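Visitor: Please show me the sequence and the structure, and then take me through some strands and cysteines.

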Amino acid sequence: MKIAVVGTGYVGLVTGTCLAETGNHVICVDINKEKVNKMQAGQLPIYEPGLDLLFHRNISQNRLQFTANLAEGIADAKIIFLALPTPPGGDGSADLSYVLGAAKDIAGLLTDYKVIVTKSTVPVGTADKVTAVMKANTNVDFAVVSNPEFLREGVAVEDFMKPDRVVVGTKDERARKLMGELYGPYVRQGNPVIFMDERSSELTKYAANSFLATKISFMNEIANLCELVGADVDMVRRGIGADNRIGKRFLFSGIGYGGSCFPKDVQALAKSAEENSYDFKILNSVMEVNEIQKKILVEKIKKYYKGQLKGKKFAMWGLAFKPETDDIREAPSLYIIDELVAAGAEIVAFDPEAMKNVENLLGDKIKYANDPYAALDGADALLIVTEWSLFRTPDFDQVESLLKEKVIFDGRNLYDLEKMVDCGFYYNSIGRKVIS
């Protein structure tokens, strides 16, 4: 099948590449000509494990192409995916200007029936708005479909190629048949393609992400209570996670959620509720807890040093909002950096993938190390901010030899408490007793 994907950000590029992998001919469209030129030359603009192999294979086999010309990109496509940014506006609502602008441009280029798919995460009612914009600009028949993505950064290729489920919102029978045909190769093991109306599909994505964010904030609240009552959040997590009504996933406490999805989607759903005169109390609390949690490591550091952070040097392991990605959007590291630097501290950071992005954002506000141990040299303490695998089993003798003091503040609970006792470190983590 011939497919067009408008927008080559994280979602668009993963979608286009993975659709090409099953034999479709995909043209990805982006207005950034420099970016298009780089992709045409085989340069992958994002880091995502496993994507580079599929990207290069499908380019070499002429199933994946790139253009800055919208008319050229959509001319022969049966299905056009809109994978465009929907950033939060000043009031928290999703900005649909990119989506609606593209819909208007596409409408003026239609010559035959096409299926227009909103892949971006959008508020309830967006499909209706896209339909209205297109009807105002064309007399050619078309269908607008909601098909939200459920990709986790770091495992996005696997999520697309072997999805738990595919959600498709449409009342158009031709569109339903085409979407079923398109996704058939991805659900051969029996995982469902769930068809529903457009509004239910749109709300499904917001509801899913908001529920997961709620689990994270709930466990962070439990962690904070554990510290007050002398319980261990890791033990609590294991105890409740064994209940199959609750499940084991998204129960790890830490320093809050970040990234491109959870913060934006929770905020947008709360705003949507507000616009419909509904006070979504749980979501408002989820956001409040997360804002506090992103800075909780700073409070632990300030307490340890009695508020005297000026001149202190901290090694920071991890900058990305989660491991296996270079994404720093709403990353807790950025909030921690702001607080510590404002207090007069110096930070030397290491991250396997995200340092370039942070440097582009912050410049020389902090320093960057070539490897984890280089960041430790002469530091007063080590801060664990992202749970990259390479941080899980460090050489603690080397850590001790490089730090001024044997002090670790761990926002991701990477290390065993007994191990920290044996090594003689001061170790302050989340929801567990302090080792001193």
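The questions and answers below deal with a predicted model.

Visitor: Which residues of strand E4 point one way, and which the other way?
Guide: In a regular strand the side chains alternate between the two faces of the sheet. Strand E4 covers residues 79-82, and all of them are buried. One way point Ile 79 and Phe 81; the other way point Ile 80 and Leu 82.

Visitor: Which residue of strand E1 stands opposite Ile 79 in E4?
Guide: E1 is made of residues 2-6 and runs parallel to E4, with four bridges between the two. Opposite Ile 79 of E4 stands Ile 3.

Visitor: What is the bridge partner of Ile 79 in E5?
Guide: Strand E5 (residues 114-118) pairs with E4 in the parallel sense, over four bridges. In E5, the partner of Ile 79 is Val 115.

Visitor: Through which helix does the chain cross from E4 to E5, and what is the hand of this crossover?
Guide: The connection from E4 to E5 is a β-α-β crossover. Its helix is H5, residues 97-107, and its hand is right-handed.

Visitor: Why is strand E9 described as largely enclosed by the rest of the structure?
Guide: A residue is buried when its relative accessible area is under 20%. E9 spans residues 313-317, which are five residues. The strand is largely enclosed because the number of its residues that are buried is four.

Visitor: Which residue of E10 is the bridge partner of Lys 313?
Guide: E9 and strand E10 (residues 346-350) run parallel and are joined by five bridges. Together with helix H14 (residues 332-342), E9 and E10 make a right-handed β-α-β unit. The partner of Lys 313 in E10 is Glu 346.

Visitor: What stands opposite Phe 314 in E12?
Guide: Strand E12, residues 381-384, is parallel to E9, and four bridges join them. Opposite Phe 314 stands Ala 381.

Visitor: How many disulfides does the count come to?
Guide: A disulfide is a covalent bond between the sulfur atoms of two cysteines. The cut-off for such a pair of sulfur atoms is 2.5 Å. For Cys 18, the closest cysteine sulfur is in Cys 28, at 11 Å, which is too far for a bond. By this rule the count of disulfides is zero.

Visitor: Is Cys 18 buried or exposed?
Guide: Buried requires under 20% relative accessible area. The relative accessible area of Cys 18 is 0%, so Cys 18 is buried.

Visitor: Does Cys 423 count as buried or exposed?
Guide: The limit is again under 20% for buried. Cys 423 has 19% relative accessibility, and therefore it counts as buried.

How values were computed. Residues are numbered from 1 along each chain as its sequence is written. This is a predicted model: local features need pLDDT of at least 70, side-chain atom pairs count only at pLDDT 80 or more; totals for chains, interfaces and linings use all residues. Side-chain values use heavy atoms; hydrogens and water are left out. Buried means under 20% relative accessible area, exposed over 50%, partly exposed in between (1.4 Å probe, protein chains only). Two strands pair if DSSP finds at least two bridges between them. A crossover is right-handed if, with the strands pointing away from the viewer, the path from the first strand over the helix to the second runs clockwise.
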